[in-house]
Amino acid sequence: MHNISKQARGYELTVSNQEKLHADSIFIALPYHEIIPMFRDDAIFEEIGEIPVASVATVGMIFPKDAIEKDIKGSGFVVSRNEDFSMTACSWIHRKWPHTVPDDKILLRAFVGRRKEESIVDLADKAIEETVLNDLNRIMTINQAPEYTMVTRWRNSIPQYTVGHVQRKEAIFEEFRKAYPGVFAGGASFDGVELSECVRQGKDGMSTVLNYLKGITTQN
Ligand SMILES: Cc1cc2nc3c(=O)[nH]c(=O)nc-3n(C[C@H](O)[C@H](O)[C@H](O)COP(=O)(O)OP(=O)(O)OC[C@H]3O[C@@H](n4cnc5c(N)ncnc54)[C@H](O)[C@@H]3O)c2cc1C
C-alpha cells in the first residue's frame, strides 16, 4: 500500500500497481515507519517522531550431534548488552522444538545486531558465522564447522520502545481519532512486540473496525 487519502466519505487507498480502492474503515498493521509516508499530506506524523527500530540477523547452523563436546543446559540464552559478545541470543532449536530437527543433528540459531550496534548485520554471511562461532566457543566446545549455515537479515524489524513510547503511541492514535475517523492501527510498533501481543492487537483491531462500521451503518 502506498497512500491513504481521506475522501468526503471514507478513504481512497493507492496500492503498488497504482490501483485505487475505497474503504470505509482501515486497520493498519504495518511498521510505523511504513505508515508515516502513507499520510504524506499530514505533517503531524513526522512531528510526533519515529518509533525507532533495530535490524538483526539470525544465524541457523546445523551440526552433527557429536560436534558439541562441551554443551550447556537449557534451550538457549540472551546476552546482556554489557557483555563482551557480538551475538545477542542463541536458541537450541533441537531442544526447543525437537520434532523440527533429525535425531542425529544439532540446530543452533543465534542472533546478532541490536539498536545502535547494527553494522554486523551488513557483514558477509561467512564473517557473521565466524563471529557467532567464536562467541559460542567461549562458552562451549564445538569441534567442527557447521554442515549448513543460513544467515537471514531482518532489517528495521524490531521496534524499540524508548522513553516516551506510550505518549508517542497515544499521540498517533489521537491523530487517527481526530483527523481520520475509521482508521486504526496495531502491531509490533505500538502495543507489544511478542507474537501473541500482535495477534491480540489484530483481533482487537478487527472488533474495533466492525463496531465502527456498525456505527456508521446505523447513522445512515
Ligand atoms: C528475527 C526475529 C525473531 C523473532 N522471534 C520471536 C519469538 O521467538 N517470539 C515472539 O513472540 N516474537 C518474536 N519476534 C517478534 C515478532 O515476530 C514480531 O514482533 C511480529 O511478527 C510483528 O508482527 P506485526 O504483524 O506487527 O508485523 P510484521 O509481521 O512485520 O507484519 C507487517 C507486514 O506488513 C507488510 N508491509 C510493510 N510495508 C507495507 C506496505 N507499504 N504495504 C503493505 N504491506 C506492507 C510486511 O511485508 C509485513 O508482512 C521476532 C522478530 C524477529 C525479527
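In these legends a residue is called buried when its relative accessible area is under 20%, exposed when that area is over 50%, and partly exposed in between, with a 1.4 Å probe and protein chains only. This is a predicted model, in which local features need pLDDT of at least 70 and side-chain atom pairs count only at pLDDT 80 or more, whereas totals for chains, interfaces and linings use all residues. Residues are numbered from 1 along each chain as its sequence is written, and side-chain values use heavy atoms, with hydrogens and water left out.

**Figure 1. Overall view of the predicted protein.** The secondary structure comes to 7 helices and 12 strands, where helices (H or I, at least four residues) and strands (E, at least two) are DSSP runs numbered from the N terminus. The C-alpha trace spans about 70 × 35 × 35 Å along its principal axes, and the radius of gyration is 22 Å, while a compact globule of 220 residues would have a value near 17 Å; this radius is taken over C-alpha atoms, and the globule rule is 2.2 Å times the number of residues to the power 0.38. Buried residues account for 39% of the 220 residues. Of the contacts between residues at least 6 apart in sequence, 66% join residues at least 24 apart, a contact meaning heavy atoms within 4.5 Å.

**Figure 2. Close-up of asparagine 3 in strand 1 (residues 3-6).** Asparagine 3 has a relative accessible area of 19% and is therefore counted as buried. Its side chain and that of arginine 40 are joined by a polar contact of 3.2 Å; such a contact is a pair of N or O atoms within 3.5 Å, of which, within protein, one must be able to donate a hydrogen and the other to accept it, and residues adjacent in sequence count only if both atoms are side-chain atoms. When neighbours within four places in sequence are left aside, asparagine 3 is in contact with Glu12, Leu13, Thr14, Pro37, Met38 and Arg40.

**Figure 3. Close-up views of two residues with positive phi, glutamine 18 and asparagine 156.** Most residues other than glycine have a negative phi. Glutamine 18 lies in the loop between strand 2 (11-14) and strand 3 (20-23), and its phi is near 75°. Asparagine 156, by contrast, is found in strand 11 (residues 148-159), with a phi near 45°. Asparagine 156 counts as partly exposed because its relative accessibility is 39%.

**Figure 4. Close-up of phenylalanine 176 in helix 5 (residues 165-179).** With a relative accessible area of 2%, phenylalanine 176 is buried. Not counting residues up to four places away in sequence, phenylalanine 176 touches Ile28, Ile35, Phe39, Phe45, Pro181, Val183 and Ala185. Serine 91 is 85 residues from phenylalanine 176 along the chain, and the C-alpha atoms of the two are separated by 39 Å.

**Figure 5. Close-up of alanine 185 in strand 12 (residues 183-185).** Alanine 185 is buried, its relative accessible area being 12%. The residues that alanine 185 touches, again not counting those up to four places away in sequence, are Phe27, Ile28, Phe173, Phe176 and Phe190. The C-alpha atoms of alanine 185 and threonine 149 are separated by 37 Å, with their positions 36 residues apart along the chain counted as the distance apart.
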